[in-house]
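Dear colleague,

I am passing on the structure below, and after it I set out what turned up when its interior was searched. Please read the notes alongside the coordinates.

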Amino acid sequence: MTRITRRNSRARASSTSDGDKPVNPNPRTSIPVGGGRGFSWILNITLMILLPSVLLLFLIGLYMKNNLVNPVRESIKPRVVTPFPAPKLMDLPMFQGEHKESLYWGTYRPHVYFGIRARTPQSLLVGLMWIGVKDGRYFMRHVCQDSDELTTYGWTHHNGRDYGRQVLVDKKLTLTTSFLKLKEKESGYGGDWAVRIEAQSEALNEEMKEIVHLFFYVADEGGTLDLGKGTSDIPNHHILASGSRDDLGSWQLHLESKDEFEFHYAGFKTPHIHNLSDLVQMNLGTQARKIGRLQLSDTSDYGPNILVFQISAMISFKADIAFVSKSRGSTSRTEERIRSLTGDSLTGRLEQKQRQFYDKFQRCFDMSDELDSEAITVGKASLGNLLGGIGYFYGQSKISLPPSSSFVPEDNYISYWPAELYTAVPSRPFFPRGFLWDEGFHQLLIWRWDVNITLDIIGHWLDLMNADGWIPREQILGAEALSKVPSEFVLQHPTNGNPPTLFLAIQDLVCGIKKNKFTASEISDISIFLRRSFVRLDAWFKWFNTTQSGKDVSTYFWHGRDNVTTRELNPKSLSSGLDDYPRASHPSEDERHVDLRCWMRLAADCMSSISEFLEDSQTGKEYNLTAKLLSDFELLNQMHFDYTNGAYFDYGNHTEKVRLSWRMVEAAGGYPTRELVREVLEEPVLRLVPHIGYVSLFPFMGRLIPPKNRLISSQTRVSCGLTLDSDLLPNQAQYTCNATLSMTHLIGEGQFG
């Protein structure tokens, strides 16, 4: 093949002009010659033909580049945002049909004081706001936040499915919110539901009675709402709103109250539902300036997707709000359904649900007669808050890309695929979203109450796994969740893990089957779940085993610590879950983290148990060998035990001689500012990190110390020392220490594990 170059072109041009004259192939046809005029004429004709052709070819090439080549490149996404190539757990039949519909509606908005939504990407949202007073000024209460300084708030009862009761104390005002779900024959998908709002005050006489301003709202993430006509054929009832959705059919929202109240409303059309508090406060502020009253404007934008209803009444006050789906049809039957969700009928249903909650709590946890009523009340509230804190989220995580990535997004991140997550949350005011390592602990309690909810939640988490076997540790899905997170914590880093605590709950399920703690139907569901989830759990373990491994065999360290920061005395290890636990002062690949080693041993042991249960002997044998290696007591001590202190430590490049000192540094704009900067007074060396704390107890908690070994007693002293040095009250510290001693005795006698 001849390669065409500029040199070849010049050579051809030269030979044509300097060589022999071209031969006319047809001697009968003369070529006009006239002082070069004929050549110019031919050149002009040639250009007239070639230029449009070249332009056309250029436009075709540009079109192909933009519409054919680029989409192909864009479709080749990095593996980090490619879903794991296996059937999804949430597609299992056990999560469809009646199960899915029974969990459709719920109090799935844990970041607000009271909120309801459906488990669907674009849902109807319902919530409650009220006006509180702080330092003589009015403030809107809506989103859970400590700055509101509520005396208390939380679910005293919640069954995770169709009932909950919450008490909120805001200074002298006490609000009680109750939620009830009911499935009637005529109901639309997910059934009907009711909310009861009760307002009480510490005021003891009529003269001290106060007015409460409540704001109940409904919003549609995917459509518009119709303002109700107000009056209803049912006495003391008002139609607040109505609409129609593909999933529900037509629906109505009714208000019932026998108490006197003042009513106002406002309708908004906005794509940003998460800033609803601001919209309501702006409307109230405008009205206050106009008419000098704290009331909504009684106006609405055209085609609103949010309707807010203000109910102002003297305390004490009670109101019931009923949501009726599939409301078209027999008017008398619809009215009957509304009556069953309000008034005395609702009172009876709530009391029945409360009794059922008590009975099930007793059965599930086998409460000892030795426990007093206060302890049992705390236990019920703990369970209620955990179940009441379950939320549903939908959106796309933002994933950071390593500098070496060839994929260049418009921003500094790439989006995960759109995904849903059904999960409990660790904290309603601070962390009202899914955290991977918290969820394993949550499920240790939830499976004992409702194992199907546990399987549903774990299934949602495992379906978030990417092609590498990685699961983003913090799930910030949707605008509401994003609004609660500082920008520096939004991006998820695919090099960083999180303790695989889901193995704790899964191990419990396998052990529970062996101990006959489940019904035949539940055993069947768990077995099907484990069989499908195994490939994902296997990939998850292998991701940890390859990406978080250390330099030596069977050593691991948490990746993601900042090794260049000068603003932290000891760089945080966010991925470990123990964010500010003091590790090696200078992060490096030489580190060995004892807690991660123990997590890996737990995960390997759990995989071995699942393999045995599924009768996969070959895979089980491999995991059993890994678990035994990570259980090697001598190797563990060689890597992590400090005989001088009698405790297990991390290992890494460390010095104790570091401090934070005030320094003048140049800030934005070139102005000097005073900041605390880390100062290293001694070169670090590879050594055990002499900090006794939570990670020191991991081998003890993981039962890696052989029964009756002398180190058991030393770990007891470590535990009691940590407890007695803590901020616990003396009697609490002693109780914790005694509990540790009891556990030590049982382990020493071989009664555990």
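The second largest cavity has a volume of about 40 Å³, where a cavity is a set of points on a 1 Å grid over the protein atoms alone at which a 1.4 Å probe fits but cannot get out, and the volume is the space filled by probe spheres set on those points, joined across faces, edges and corners. Among the residues that line this second cavity, meaning those with an atom within 4 Å of a point, are Thr107, Arg109, Tyr113, Trp155, Gly388 and Arg428. Its lining divides into five nonpolar, three polar and two charged residues, with Ala, Val, Leu, Ile, Met, Phe, Trp, Tyr, Cys and Pro counted as nonpolar, Asp, Glu, Lys and Arg as charged, and the others, Gly among them, as polar.

This is a predicted model, in which local features need pLDDT of at least 70 and side-chain atom pairs count only at pLDDT 80 or more, while totals for chains, interfaces and linings use all residues. Residues are numbered from 1 along each chain as its sequence is written, and side-chain values use heavy atoms, with hydrogens and water left out.

The search of the whole structure finds two cavities of 30 Å³ or more, and the largest has a volume of about 50 Å³. Thr107, which also lines the second largest cavity, is part of the lining of the largest one, together with residues including Trp105, His158, Arg161 and Tyr422; that lining comprises six nonpolar, four polar and one charged residue.

Best regards

Technical notes. 1 Å grid on protein atoms, 1.4 Å probe; cavity = no way out; pocket = protein on both sides within 12 Å on 5 of 7 lines; lining within 4 Å.
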